[in-house]
Amino acid sequence: MAAVQLDQLRKVYPNGHVGVAGASFDIADGELLVLVGPSGCGKTTLLRMIAGLESISGGTLSIDGRVVNEMAPKDRDIAMVFQNYALYPHMTVAENLGFGLKLRGLPRAEIDRRVTEAARTLELESRLAARPGALSGGQRQRVALGRALVRDPKVFLLDEPLSNLDAKLRLSMRVEIARLHRQLKATMIYVTHDQIEAMTLGQRIVVLDGGVIQQIDTPMNLYESPANLFVAGFVGSPAMNLLRGTLRSDRGWVLATADGDIVLGEPPQAAIWQSWRDREVVLGIRPEHLQPQAAERAALSARLEVLEPVGNEIFLNLRFGAQALVSRVAPQTSPEPGSLLALGLVAERLHLFDAGSGVRIGAADGLAGGQRSVG
């Protein structure tokens with residue numbers, strides 16, 4: 001396997017559109033790194049530049065210590081798994097797995113050895129004689145993974161490989177890919193628009209928006225310490241509650257919003273907030289940190305609109321003036337829709353953002369804007 005380094009990698013199209021703006025980060029040997037963001041954010045463009053399928057407008061790309069900017073895809077020693085399986089329907093599983101090796105001129109015995117080993121790893125041994133039409137969606141995706149696996153590449157590139165699967169298969173294939181990564185200790189770069197997929201698979205995650213890196217961090221740090229409003233709103237399901245207002249401090253801290261005051265009390269972060277008094281900010285609260293509370297201890301009151309049971313928890317969809325809020329509570333909680341709920345905040349888990357720039361206030365922010373992160 002190999003490390004991958006991106007140094008100010010850029011993609012600018014002939015019409016002037018910037019697909020990727022100065023991406024700089026390192027992927028450690030054996031790391032599973034996920035590129036995540038909404039459609040059009042540049043994640044697939046970045047992956048295709050690493051693969052050699054998209055030209056590089058600027059910056060340097062190195063794989064295993066070699067600059068590969070001008071190197072043909074076949075010479076980069078990478079293997080790519082695409083969103084569509086791209087299997088040959090007239091070939092058996094064994095023939096699909098070995099076809100690329102056959103084109104490279106490997107001896108028959110070596111092809112058979114690699115195909116057998118990949119089939120064993122992916123639990124496809126009993127399906128080697130079958131054709132793709134006789135396989136389930138999950139089995140076809142395993143064959144697509146196996147076709148990359150037999151090449152024994154330095155780097156695996158996976159472009160939304162699970163997006164064509166149903167919810168149950170996606171879950172089982174996520175487990176399969178995580179198991180495969182642990183077993184192979186392979187360097188993997190994985191693209192997805194699904195933040196849950198990113199959080200469950202990635203050792204580190206690169207969050208992109210508009211071709212710009214917003215933050216690079218571990219899944220837990222992204223969730224607990226989002227660098228800016230975009231990351232705060234994108235990472236987490238349900239998303240973080242965000243309320244805009246003016247920060248006041250008289251007899252305790254208050255966020256004065258257009259829909260009423262939110263009592264913040266004296267949270268541990270208060271000393272950092274001093275320079276933001278009487279300025280417009282955005283308060284961020286995760287749904288699990290916004291809980292029904294006794295009225296005398298409430299930070300705000302909101303009306304329950306919809307109660308959404310999801311098995312082991314319930315989402316309370318609330319209305320605070322014009323602002324929609326979500327609270328994540330235990331399944332034993334069952335207030336009546338239409339009722340006015342007193343809600344408390346977990347003070348030490350509040351987030352404050354600059355309303356202008358969107359940057360989080362008062363924390364060691366995660367790497368944003370294309371800064372380098374060494375794996």
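**Exercise 1.** In this predicted model, which residue of S12 is the bridge partner of Thr 246?

*Solution.* Start with the pairing of the two strands: S11 and S12, which covers residues 253–257, run antiparallel and share 4 bridges. Within this pairing, Thr 246 has Ala 256 as its partner in S12.

**Exercise 2.** Find the bridge partner of Thr 246 in S14, and state how S11 and S14 run.

*Solution.* Strand S11 spans residues 241–249, and strand S14 spans residues 280–285. The two are antiparallel, with 6 bridges joining them. In S14, Thr 246 is bridged to Glu 280. Thr 246 thus has a bridge partner in S12, Ala 256, and another in S14, Glu 280.

**Exercise 3.** Which residue in the hairpin of S11 and S12 takes a positive phi?

*Solution.* The hairpin has 3 residues between its strands. Gly 252 takes the positive phi, near 115°.

**Exercise 4.** Describe the protein chain as a whole, from its secondary structure to its surface and charges.

*Solution.*
1. Count the elements: the chain has 9 helices and 20 strands.
2. Take the extent: along the principal axes, the C-alpha trace spans about 80 × 45 × 35 Å.
3. Take burial, with the cut-off at under 20% relative accessible area: of the 375 residues, 50% are buried.
4. Sort the contacts with a separation of 6 or more: 67% of them are between residues 24 or more positions apart.
5. Split the surface: carbon and sulfur atoms hold 50% of an accessible area of about 16,600 Å².
6. Place the charges: there are 40 positive and 40 negative ones, and their mean positions lie 6 Å apart.

Note on methods: Residues are numbered from 1 along each chain as its sequence is written. This is a predicted model: local features need pLDDT of at least 70, side-chain atom pairs count only at pLDDT 80 or more; totals for chains, interfaces and linings use all residues. Side-chain values use heavy atoms; hydrogens and water are left out. Buried means under 20% relative accessible area, exposed over 50%, partly exposed in between (1.4 Å probe, protein chains only). Contact means heavy atoms within 4.5 Å. Accessible areas come from the Shrake-Rupley method with a 1.4 Å probe; for residues, only the protein chains shown count as cover. Lys and Arg count as positive and Asp and Glu as negative; His and the chain ends are not counted. The place of a charge is taken as NZ of Lys, CZ of Arg, CG of Asp or CD of Glu. Two strands pair if DSSP finds at least two bridges between them.
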